[in-house]
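Welcome! Please take a moment with the sequence and the structure before we start talking.

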Amino acid sequence: MKISEVIAKVIAYHPPMKDDPAFPTTDVVKYGDPEQECTGIVVTCFASVNVIRRAAELGANLIIAHEPLFWSHEDTTDYLADSQIFQEKRQLLEDGGIVVWRDHDHIHGGSPIDPPLDGIYYGIMKELG
């Protein structure tokens, strides 16, 4: 299955979001080619350098992250051109052929339980009992 198909299935799991141009979703592919075949999935809050390395070790080429990949809400990177950490992170993603997709707005928008709850808050409540 292609990574783009995996992403479409995750999006379909969540209730539909209202299309509001004033608040565009951050849930987009942040890095990589989603048209490649998915070899494995790593789910994380933060796609840190260590998480990227571990995904590569596992042979996973899709990271689903909740928070930004490059440290700003919109993942702007022009200000990072001289950052050694930014360059290392990008190189690790390139070397591993890894795609990073952000699932932030959809999961906060709800889950298909009755009543629909914010998926992050629901997961925390469930874990805390």
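What follows is a short conversation about this predicted model.

Visitor: How far apart are the end C-alpha atoms of helix H3?
Guide: Helix H3 covers residues 84-96, which makes 13 residues. At 1.5 Å a residue, a helix like this should span 18 Å. The model agrees with that expectation, as the end C-alpha atoms of H3 are apart by 18 Å.

Visitor: Which residues of H3 are buried?
Guide: To count as buried, a residue needs a relative accessible area under 20%. In H3, the residues that meet this are Phe86, Lys89 and Leu93.

Visitor: How wide an arc do those buried residues cover around the axis?
Guide: An α-helix has 3.6 residues a turn, so residues three or four places apart point the same way. The buried residues sit on the same side of H3, while the face turned away from them carries the exposed Gln84, Glu94 and Asp95. The arc that puts the buried ones on one side is only 65 degrees.

Visitor: What do the buried residues of H3 pack against?
Guide: Let's take Leu93 as one of them. Leaving aside neighbours within four places in sequence, Leu93 is in contact with Tyr31, Ile52, Leu69, Phe70, Ile98 and Val100. For the buried residues of H3 together, the packing partners are strand S1 (29-31), helix H2 (49-58) and strand S4 (99-102).

Visitor: Which element gives the largest share of the largest nonpolar core?
Guide: That core has 16 residues, and Ile63, Leu69, Phe70, Leu93, Ile98 and Val100 touch the most other members. The elements giving two or more residues to this core are H2, strand S3 (62-65) and H3. The largest share is three residues, and it comes from H2.

Visitor: Where in the chain do the salt-bridge partners Arg54 and Glu57 lie?
Guide: The closest N and O atoms of this pair are 3.2 Å apart. Arg54 is partly exposed at 43% relative accessibility, and Glu57 is exposed at 60%. The two residues are three apart, about one turn of the helix, and both lie in H2.

Visitor: Is Arg102, which meets Glu67 in a salt bridge, buried or exposed?
Guide: The side chains of Glu67 and Arg102 meet at 3.6 Å, N to O. The pair links distant parts of the chain, with Glu67 in the loop between S3 and H3 and Arg102 in strand S4, 35 residues apart. Glu67 counts as partly exposed at 21% relative accessibility. Arg102 has a relative accessible area of 1%, which means that this residue is buried.

Definitions and conventions
Residues are numbered from 1 along each chain as its sequence is written. This is a predicted model: local features need pLDDT of at least 70, side-chain atom pairs count only at pLDDT 80 or more; totals for chains, interfaces and linings use all residues. Side-chain values use heavy atoms; hydrogens and water are left out. Helices (H or I, at least four residues) and strands (E, at least two) are DSSP runs, numbered from the N terminus. The expected span of a helix is 1.5 Å times one less than its number of residues. Buried means under 20% relative accessible area, exposed over 50%, partly exposed in between (1.4 Å probe, protein chains only). The arc is that of the directions from the helix axis to the C-beta atoms. Contact means heavy atoms within 4.5 Å. A nonpolar core is a set of buried Ala, Val, Leu, Ile, Met, Phe, Trp, Tyr and Cys residues joined through side-chain atoms within 4.5 Å. A salt bridge is a side-chain nitrogen of Lys or Arg within 4 Å of a carboxyl oxygen of Asp or Glu.
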